[in-house]
There are 2 protein chains.
Amino acid sequence: MYREILGMKDKLTIVKVGGNVINNPEALESFLSDFAALKGKKILVHGGGKRATQLAADLSIEATMINGRRVTDTPTLEIVTMVYAGLLNKNITATLQKYHCNALGLSGADGNSIQAHKRIVKDVDYGFAGDVDGINATNIATFIEGGMTPVFCAITHDTKGQLLNTNADTIASTVAVGMSEKYEVSLIYTFEKNGVLTSVDDDTSVITDIDSPKYAELKAYGIIADGMLPKMENCFDALQKGVSKVIIGNPTVILNKQQLFTTLTL
Amino acid sequence: MYREILGMKDKLTIVKVGGNVINNPEALESFLSDFAALKGKKILVHGGGKRATQLAADLSIEATMINGRRVTDTPTLEIVTMVYAGLLNKNITATLQKYHCNALGLSGADGNSIQAHKRIVKDVDYGFAGDVDGINATNIATFIEGGMTPVFCAITHDTKGQLLNTNADTIASTVAVGMSEKYEVSLIYTFEKNGVLTSVDDDTSVITDIDSPKYAELKAYGIIADGMLPKMENCFDALQKGVSKVIIGNPTVILNKQQLFTTLTL
């Protein structure tokens, strides 16, 4: 930690991978091989995918929906705990081990890594959905400094014995912000597209660099709109809270350093 | 680690808890509260329980049996990974966190903690059943020295990407033996009975201390026989490989230091 005393922080890369990759065994294997090869200290955060929905269907557990949003009732929480923290997290970990990445699969309960609270009931009770409060950066750093690569699924806990189903994008940004006290953090959101595009249907129209003034401009011209807006707000929020840069794009392109992705900075 | 240089090892307690406790929510909660209160460095190893069998039945997955032994085929491996590494391991971890024990739920793939190989096919292919090869004592010590309490489920990996269903008793003894290089290890096997009994139906007839000569005597007189024999062989094997003592008995009695249990030493 001499580097820290000198004000030089070690670099840490945090990669979030979503359902589109996880649902495709070949794409997942290829992604994990690329991720394992990524040099330096790193963390993986993975989302869920279709398997939980399939398991619920196989068990004839019907999704409870309120205002078009899925409610995490007790049977659903059990299913996501089994699939996300069990099946997906352990298979991802074992695959990374095969590629000589010393992965350590974690939920937020493990080492009290990520604390959350059950979403406050206003009009709707979303059940065991968790809103993240913070992380235990010391324990996560213990894993990293021990040469391991934490692999987080999207299950957290409330520190009072309750597991909670949590948004994986939010976990990634919260871990990135929390770890930026100790590390110079790059946060990579993998995506189906190559990044932020000027023309949605043209995957070569990537805007490679966006800073705060450019972001304001892109919003004003309506180039960033709709579904991209909350994602981008989340990214700039992470930058404001200490993350060095956020990268958005296709995981294969980013991890193979092929340059066609969007980098966000303040 | 100055103590180690002086030849004084820190104490480490490893507790194995089985299906009989895990199947009963009140018993499990009570056990975890007692385990959390246990002072000093510690590790928990938990078995499976009925929930995996129930999930298989709910999914209409029939157990494949050969010579009266269950075969871990692919659907069964998925089920035990979901239930043991997901549902049970994460709920146990979250409950221990509630009781202020900084638990860290692990499979053998996590941090490459426990390596195994798929059981060699002689007459019977038991599928994805794992026979344990060894542990990564350095990584496990990193967790313990970081103030955390590893909680192992009975899933291991072959370091080539394959998860394996593994006997929890064997995991407990292998971890105990491996950690005895760095620690003075006590291994506690929790049990339905109060310990080794002179009279099977009398739970007060506990033989409180058994060393190697006494063990030979008890075998010769047929007091230790049948199902107890392989368990005891396993315990004395662990003692011969460096574990300081093995305790067998009821978890509530042991963890509350009520003295009525069996202690095995060389």
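**A tour from strand β1 of chain B**

Select strand β2 (residues 41-46) of chain B together with β1(B): 6 bridges join the two strands, which run parallel. This is a predicted model.

Keep both strands on screen and pick I14(B). In β2(B), the residue opposite I14(B) is I43(B).

Next, add strand β11 (residues 183-190) of chain B. β11(B) also pairs with β1(B), in the parallel sense and over 7 bridges. To find one point of this pairing, select D10(B), whose bridge partner in β11(B) is Y183(B).

Now show the surroundings of β1(B), residues 10-17. Of its 8 residues, 6 are buried, so the strand is largely enclosed by the rest of the structure.

Return to I14(B) and display its contacts. Leaving aside residues up to four places away in sequence, I14(B) touches I43(B) and V45(B), then A172(B), V175(B) and A176(B), and finally V185(B), L187(B) and I188(B). I43(B) is thus on view twice, as the residue opposite I14(B) in β2(B) and as one of its contacts.

Widen the selection to the largest nonpolar core, which has 160 residues. Within this core, I14(A) and I14(B) are the residues with the most contacts. In soluble globular proteins, nonpolar side chains tend to be buried together.

Last, show chain A and chain B together. Chain A superposes on chain B after a rotation of 180° with 0.0 Å of shift along the axis, at an RMSD of 0.0 Å. That is the relation of a two-fold axis. Both copies use the same surface, since 100% of the contact residues of chain A recur in chain B.

Key: Residues are numbered from 1 along each chain as its sequence is written. Chains are lettered from A and ligands numbered from 1 in the order in which they are written. This is a predicted model: local features need pLDDT of at least 70, side-chain atom pairs count only at pLDDT 80 or more; totals for chains, interfaces and linings use all residues. A nonpolar core is a set of buried Ala, Val, Leu, Ile, Met, Phe, Trp, Tyr and Cys residues joined through C-beta atoms within 7 Å. A residue is buried if 20 or more other C-beta atoms lie within 10 Å of its own, exposed if 12 or fewer, and partly exposed in between; C-beta atoms are placed from the backbone. Two residues are in contact if their C-beta atoms, placed from the backbone, lie within 7 Å. Copies are superposed by least squares on the C-alpha atoms of residues with pLDDT of at least 70 in both. Helices (H or I, at least four residues) and strands (E, at least two) are DSSP runs, numbered from the N terminus. Two strands pair if DSSP finds at least two bridges between them.
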